Amino acid sequence: MNATAMSALGAAGPQALHIQQLWNVTLLICCIVFAGVLAALIWVLWKRPRVEASLPPDLDTRSAPERGPKRSVAAALTASVLGLVFLIVASFVTDRALARLSLKDALHVEVTANQWWWDVRYDDHQASRVFNTANELHVPVGRPVIVTLKSSDVIHSFWVPNLAGKKDLIPGRTATLQLQADRAGSYRGQCAEFCGFQHAFMAFRVVAEEPAAYEAWADKQRSTASEPTGNAQQRGRQLFMTGTCVMCHAIGGTVASARRGPDLTHVGSRETLAAGTLPNTETALVRWIRNPQEFKPGVNMPASNLSDEELAAIAAYLKSLS
Ligand code: CUA
């Protein structure tokens, strides 16, 4: 999956496109104003009276009001007001367009922000088809998505500039954001509201894929975790289930069912670890589990006192959960 650079100027869906168009109009008007001001300044400097010793001192202009400058100021004022009114209308039109995305057959996803990771739940009419994942959303291309936004602690902000504008996640309140991806790709998202020490390391990914690929992914996510194969993986699962890991994490189909930290049922299939902080490799898993504070100081996950062999076994087990 090719990752697209995180950019509000690379719209990959209708919502982001509306915002990008508003930005283009705003930039154009500001450039015209800037060029106009510079031109006026250059013109004034060029036309200013040459100072000579014989010139009488300019003490008072009130007795003879200058009509030229008066007209210029009036014209500039009118142009400024017209420009600003135009931008108000443009942003109003954009807002209306954003609210008019067709939500027919929309996919419902609930995102809960935590310090500092994203809990993602895919809703369904049938309870057995609901599933959880973390820090990574998959969406089908061409289908609208209604993202319900919640927060468990402080105010965060959900922002995938390639797909939509920002929306805050406020504790005790529920907000929604509508987005749609029309181009397949992997789009980076980022928390856009300062939420504490690790705000900068609160990223996520939105993977937009063809409907069939999305359905295959969702079916896989609904399934329980795969059984470990080989000694290392089995030992890893045993360590996981009998250690402190189960107190915070869930793995579908096992006794681990805590919701304090990210759901790990299919953690091996994700692109990154710790909300975009590390690549999802066994080496990174070992380093992360050994001492998360090294990568995200202040994170709720404590350091472990497992041996290298035990860490490698847990990493092998988690990586096998694809
Ligand atoms: Cu969450 Cu900033």
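How many nonpolar, polar and charged residues does the lining of the largest pocket have? Let's work up to that.

This is a predicted model, where local features need pLDDT of at least 70, side-chain atom pairs count only at pLDDT 80 or more, and totals for chains, interfaces and linings use all residues. Residues are numbered from 1 along each chain as its sequence is written, and side-chain values use heavy atoms, with hydrogens and water left out.

**Exercise 1. Describe the largest pocket and its lining.**

Step 1: Know the term. On a 1 Å grid over the protein atoms alone, a pocket is an open set of points where a 1.4 Å probe fits, with protein on both sides within 12 Å along at least five of seven lines; lining residues have an atom within 4 Å of a point.

Step 2: Find the space. The largest pocket holds about 940 Å³, counted as the space filled by probe spheres set on the points.

Step 3: Look at the lining. There are 43 lining residues, with C248, H249, P262, W288 and M301 nearest the centre. Elements giving two or more residues include α4 and α7.

Step 4: Sort by class. You get 24 nonpolar, 13 polar and six charged residues.

**Exercise 2. Check the span of helix α4, then find its buried residues.**

Step 1: Helix α4 covers residues 231–242, twelve residues, so at 1.5 Å a residue it should span 16 Å. The expected span is 1.5 Å times one less than the number of residues.

Step 2: Compare. The end C-alpha atoms of α4 are 16 Å apart, which agrees.

Step 3: Pick out the buried residues (under 20% relative accessible area, 1.4 Å probe, protein chains only). In α4 they are Q233, G236, L239, F240 and M241, and they pack against α7 (308–320).

How values were computed: Helix = DSSP H or I, 4+ residues; strand = E, 2+ residues; numbered from the N terminus. Buried < 20%, exposed > 50% of the residue type's maximum accessible area, 1.4 Å probe, protein only. Contact = heavy atoms within 4.5 Å. Nonpolar A, V, L, I, M, F, W, Y, C, P; charged D, E, K, R; others polar.
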